[in-house]
Amino acid sequence: MNILTVPITILRLQYTILRIPLQLVEDQLMSRLATESPARLMYERTLGVLDGAVGSALGDRDTERRGDALTERSDALARAAELDQEAARTEGEADTALEIKRKQVHDEQAAAREAKQRDIEQARRREDERKQAAERDAEQRKQVAKKNADQLAAQRTQAAEAEHRAEQATLREAEKAAAAPAKAQLKDAANKQDEAADKRARADRVEKLAEAEKSKRRNETVANGQR
């Protein structure tokens, strides 16, 4: 045995003895943790780095390979855990974005429905207003037409009444003109009747006077004869 190999062999033995409690901690405590637990990965990586450094320093290829393997395993698991976390974050972000997008689409659909409903209601109001305006216009036209018809009827009535009055006036004038000779004749006849009546009255008075005179004379004659 080379004298230089004795200290190295002792160091290897000492490290092996020192490594036992560390291995016990890993087996009894760390093994209970999840494989990708940050504490377990940190412990295993620290142990792997230590094995790699000691193995390289002591020329212990097995210890060095074991340390490198443990380090790589810890790094791989840590990287996997990071990837899982990143994937979870990405998935969460995607879910959040999807939920936001869904909410946005829902809000847009709701807004579109509300806008459509508003448009329908506005169209209905405009149609109602148009109908009411048309009814008002029709009523106004009806009233104007009735007023015009009433005015025209009144004008025609007035014209007919005026024409009737004119005809009546013309007829009265014609009657007056036609009755004028007859009135004159009637007046003349009345005058003649008055004259005749006056003559008859005078004749009656004369006759009465004559009779009275005759009676007086007879009475006188009778009176003279008795004497």
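This short talk describes the overall form of one protein and then three of its residues.

Good morning. Please keep in mind throughout that the structure before you is a predicted model.

Let me begin with the secondary structure. The protein contains 3 helices and 0 strands. Read from the N terminus, the order of its elements is α-α-α. One of these helices, H3, covers residues 61–226, and the residues I shall discuss later come from that helix.

I turn next to the overall dimensions. What radius of gyration does the protein have, and what would a compact globule of 227 residues have? The protein has 77 Å, whereas the globule would be near 17 Å. The box filled by the C-alpha atoms, taken along the principal axes, gives another view: it is roughly 245 × 40 × 15 Å.

How much of the chain is buried? Of the 227 residues, 11% count as buried. The exposed surface comes to about 18,200 Å², and carbon and sulfur atoms supply 56% of that area. As for contacts, if we take those between residues at least 6 apart in sequence, 51% join residues at least 24 apart.

The charged side chains deserve a brief remark. There are 44 positive and 44 negative side chains in the protein. The centres of these two sets are 16 Å apart.

Let us now consider single residues, starting with Thr71, which belongs to helix H3. Why does Thr71 count as buried? Its relative accessibility is 12%, and buried means under 20%. Leaving aside residues up to four places away in sequence, Thr71 touches Arg45, Gly48 and Val49.

The second residue is Ala134, also placed in helix H3. Ala134 counts as partly exposed because its relative accessibility is 36%, which falls between the limits of 20% and 50%. Ala134 and Asp75 are 59 residues apart along the chain, and their C-alpha atoms are separated by 85 Å.

The third residue is Lys187, once more in helix H3. Is Lys187 buried or exposed? Lys187 is exposed, since its relative accessible area is 58% and the term applies to values over 50%. How far is the C-alpha atom of Lys187 from that of Asp62? The separation is 178 Å, for two residues that lie 125 places apart along the chain.

To close, I return to the whole molecule: a protein of 3 helices, with a radius of gyration of 77 Å and 11% of its residues buried. Thank you for your attention.

Conventions: Residues numbered from 1 in each chain as written. Predicted model: local features only at pLDDT ≥ 70, side-chain atom pairs only at ≥ 80, totals over all residues. Heavy atoms only, no water. Helix = DSSP H or I, 4+ residues; strand = E, 2+ residues; numbered from the N terminus. Buried < 20%, exposed > 50% of the residue type's maximum accessible area, 1.4 Å probe, protein only. Contact = heavy atoms within 4.5 Å. Rg over C-alpha atoms; globule rule 2.2 N^0.38 Å. Areas by Shrake-Rupley, 256 points an atom, 1.4 Å probe, with all protein chains shown as cover. Lys, Arg positive; Asp, Glu negative; His and termini not counted. Charge placed at Lys NZ, Arg CZ, Asp CG, Glu CD.
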